[in-house]
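Subject: Structure for your review

Dear colleague,

Please find below the structure that I am handing over to you. A summary of what was found in it follows.

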Amino acid sequence: MNVKHYLYVNALSSLGSRMDLIACSALIFTFEHSAFWLTAFFVARQVGGMLFSPFAGMLADRMDRRHAMIASDIGAGLALLAIIAAPHPYVVVAAAFLKGMLYTLFTISFQASLPQMFGMERLVWVNGLKVRLESLVGMAGFVLGGFLTDRVGYALVIGADAASFFLSALLLTRMRWESRAWPKSGAAGERSAGDSGGKQKERGMRAAVRYLQSAPVLLAISLLAAPLSISTASHNYGLPFLADQISHGDATLHGMMWSVMSVGGLIGAYLVARIPVAPWPGMLGAHWLLAVFIVLAFAADGAVWALLLLAGAGLFGGAAQVLESTLLQQAKNEVRGKVLGVQGLFSRSGFFVGFLAAPAISAVLGLAAMVAVAQALLALALLGLGCYVRKAQQAGGARRG
């Protein structure tokens, strides 16, 4: 199977996951104490991913990444079938926790495999295509999920998502690439040379920490993941309230806000893959402009301005996502999964903190101020990490000189 075609299969699975999110929410609303269980559902997804990220990174470097992706798809499909078989709150929350873990393992293994699947020279192109497909999925998935859940019920929508995972696993069994971080011949050679237990331990998270200490750009991106996720959580939490402020009770406006951000992301991913830009400064600039546009959108007067500014935020967010993925994938193949695992841990932790803090800060300072505080935190992190990388690169150049 052509590896490019798998990107479209992966996008189909992402579409199913967005539809299934709406279907699971509809199922949860049928439970007693639905507000509690809905919160538990979303928290379980984040906690599962947050706790498992470091282990997922180590697994992605120690085992065959293609096998890890297949196992993740099968596990996620079975978790969804369990919801259909036993639609109970405990089952739904447990499935969300398991899917959070498996999604993390799949994403890290997939991201770590892209350089071997497509080649280092095509990473900007493939990440751009991946983000564009995700943007299209974002535009269609939630709307289609709500429509189908209303028409055919939650069980068929969740079942369709399960089928998309099984299809992905089936197609992965037909694909081949160098999917091990440590090729069998190289690993055998190392063992035959008398690899000590200490050297074996260096393949754990300590290896990722040592590697990140020698790679300032990758270390900065990993650390940036926390404030970036807090920033994202703030406007994710705030968008429905912004829509309600502008047009009281208008759910359509809320949906349009997500749609225009997805359209912006699609355009940004398309442009950044075709306009020559240095990845590190380009990523910093795109994230900074994303923060500015988000603050302006929440301060906007009227729906039209808010939508236009959110589209601009989506554009810079899409560009930043492409550049960030491309930079992370420059990590050495032997530790790439662990590096992505560290970044994933910071990212999940940031979302967890952001979603907990957003309601409290909003209640005290107001919606727009809460979003502004989160974006200011991101801007400070961008400034500090940018200065750190610049000094580290200057010091490295001086040593080489």
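Helices are DSSP runs of H or I with at least four residues, and they are numbered from the N terminus. The model is a predicted one. In that numbering, α4 contributes four residues to the lining of the largest cavity, the most of any element.

Overall fold

The protein contains 15 helices and zero strands. Of its 401 residues, 50% are buried. Among contacts with a separation of 6 or more, 84% join residues that are 24 or more positions apart. The accessible surface is about 18000 Å², and carbon and sulfur atoms account for 68% of that area.

Cavities

Two cavities of 30 Å³ or more were counted. The largest has a volume of about 60 Å³. Its lining consists of D20, C24, F41, R45, L80, I83, V92, A95, A96 and K99. At least two lining residues come from each of α1 (3-28), α2 (34-62), α3 (65-85) and α4 (89-118). Seven of the lining residues are nonpolar and three are charged, with no polar residue present.

The second largest cavity encloses about 50 Å³. Around this space lie L7, N10, A11, S14, K130, L133 and E134. Both α1 and α5 (123-152) supply at least two of the lining residues, and α1 gives the most, with four. By class, the lining of the second largest cavity comprises three nonpolar, two polar and two charged residues. Helix α1 thus takes part in the lining of the largest cavity and in that of the second largest cavity.

The second largest pocket

The second largest pocket holds about 190 Å³ of space. It is lined by 13 residues, and those closest to the centre of the pocket are V272, V277, L315, F316 and A319. Helices α11 (251-272), α12 (279-298) and α13 (303-328) each provide at least two residues of this lining. The lining of the second largest pocket has ten nonpolar and three polar residues, and no charged ones.

Cysteines

How many disulfides does a search of the whole structure find? The search returns zero. C24, one of the residues that line the largest cavity, counts as buried because its relative accessibility is 2%, under the 20% limit. C387 has a relative accessible area of 40% and is therefore partly exposed, as this value falls between 20% and 50%.

With kind regards

Terms used
Residues numbered from 1 in each chain as written. Predicted model: local features only at pLDDT ≥ 70, side-chain atom pairs only at ≥ 80, totals over all residues. Heavy atoms only, no water. Disulfide = S-S within 2.5 Å. Buried < 20%, exposed > 50% of the residue type's maximum accessible area, 1.4 Å probe, protein only. Contact = heavy atoms within 4.5 Å. Areas by Shrake-Rupley, 256 points an atom, 1.4 Å probe, with all protein chains shown as cover. 1 Å grid on protein atoms, 1.4 Å probe; cavity = no way out; pocket = protein on both sides within 12 Å on 5 of 7 lines; lining within 4 Å. Points joined across faces, edges and corners; volume = space filled by probe spheres on them. Nonpolar A, V, L, I, M, F, W, Y, C, P; charged D, E, K, R; others polar.
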